[in-house]
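This briefing walks through a structure by topic, for a reader who wants to follow each statement on the model itself. Please keep the sequence and the coordinates at hand while reading.

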Amino acid sequence: MIAVLLGAPGVGKGTQAKLAAARNGWTHLSTGDLLRDEVARGTELGCQADAVMKRGDLVSDEIMVGMVAGRLHALPDGQVLLLDGFPRSLPQATALEVRAPRGAVGLALYFTAPDRVLTERLLARGRADDTREAVARRLAAFRETTEPLVAYYRGRGVLREIPSDRAIEEIQKDLVRCLREVRKDPSAVS
Ligand code: AMP
């Protein structure tokens, strides 16, 4: 089953995904990590993505779909895949639906926190794409391009919201509970 992790930059979904994957033997795929790896290795794709990421803009849907598509076929039966940072736009979401096995996206977890908290966390993190201008652009890109996915997945009956201005372990408990419920009974999400 694929669980899509949605949420603004800085909400902590990467931290949550890593923890849940390590503790439960699930697979974690972060498109941000894949892109940063391309940048670090100096590949052609990495060079293209680097400036876009530093500005706080989104990398093109075509590049992102190509990057994720190959990795979906490798998903063993019964395995849980935590998709962190993908999809980030409606075209990416529809591409995922076409490429993934039928009904594969069983859950979309929407991590939420106030903008003030997100900005503080991002600026404290100090990554190359965490300058004040880039942070503002990334939050704007989230509102404009990614947030419509909340309605998209709600419409498909797979959305769950997780308030994320809380302790890491409390958020983690909610994440794991949601996943276990849906794995037991795929119609459990309301
Ligand atoms: P993240 O680590 O998920 O915050 O991603 C870091 C940056 O990588 C984002 O600000 C985007 O520039 C780029 N990125 C990651 N995933 C995607 C995606 N699915 N679509 C477009 N850009 C992405």
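A residue is called buried when its relative accessible area is under 20%, exposed when it is over 50%, and partly exposed in between. With a relative accessible area of 58%, A128 is therefore exposed. The model discussed here is predicted, and its central feature for this briefing is an open sheet of 5 strands with parallel pairing.

**The sheet as a whole**

- The 5 strands follow one another in the order β2-β3-β1-β4-β5, and the edge strands, each pairing on one side only, are β2 (27-30) and β5 (159-163).
- If direction is ignored, neighbouring strands of this sheet are turned against each other by 25° on average.
- Strands of a sheet pair through backbone hydrogen bonds, and the pairing may be parallel or antiparallel.

**Strand β1 and its partners**

- All 6 of the 6 residues of β1 are buried, so this strand is largely enclosed by the rest of the structure.
- In a regular strand the side chains alternate between the two faces of the sheet.
- In β1, I2, V4 and L6 point one way, while A3, L5 and G7 point the other way, and all of them are buried.
- Strand β1 (residues 2-7) runs parallel to strand β4 (residues 105-112) and is joined to it by 6 bridges; among the bridge partners in β4 are L107 for A3 and L109 for L5.
- Strand β1 also pairs with β3 in the parallel sense, here over 4 bridges, with I2 having L81 as its bridge partner and V4 standing opposite L83.

**Strand β3 and the edge strand β2**

- Strand β3 (residues 81-84) is covered on both faces, since L81 and L83 on one side and L82 and D84 on the other are all buried.
- Strands β2 and β3 run parallel and are joined by 4 bridges, and S30 stands opposite D84 in β3.

**Helix packing**

- Helix α8 (residues 148-155) lies across β1, β4 and β5, and runs at about 145° to β1.
- The axes of helix α2 (residues 31-41) and helix α4 (residues 61-72) come within 11 Å and cross at roughly 110°, which means that α2 is roughly perpendicular to α4.
- In the contact between these two helices, T31, L34, L35 and E38 of α2 meet M64, M67, V68 and R71 of α4, and the residues of this contact divide into 5 nonpolar, 1 polar and 2 charged.

**The loop that holds A128**

- A128 lies in the loop between α6 (115-125) and α7 (132-146), and the exposed state of A128 corresponds to the relative accessible area of 58% given above.
- Along the chain A128 and E161 are 33 residues apart, and their C-alpha atoms are separated by 29 Å.

**Cysteines**

- How many disulfides does a search of the whole structure find? The search finds 0 disulfides, a disulfide being a pair of cysteine sulfur atoms within 2.5 Å.
- C47 counts as exposed because its relative accessibility is 52%, whereas C178, with a relative accessible area of 8%, is buried.

Note on methods:
Residues numbered from 1 in each chain as written. Predicted model: local features only at pLDDT ≥ 70, side-chain atom pairs only at ≥ 80, totals over all residues. Heavy atoms only, no water. Buried < 20%, exposed > 50% of the residue type's maximum accessible area, 1.4 Å probe, protein only. Axes fitted to C-alpha atoms, helices over the stretch in contact; angles between N-to-C directions. Parallel < 35°, antiparallel > 145°, perpendicular 65-115°, else oblique. Contact = heavy atoms within 4.5 Å. Nonpolar A, V, L, I, M, F, W, Y, C, P; charged D, E, K, R; others polar. Pairing = 2+ DSSP bridges.
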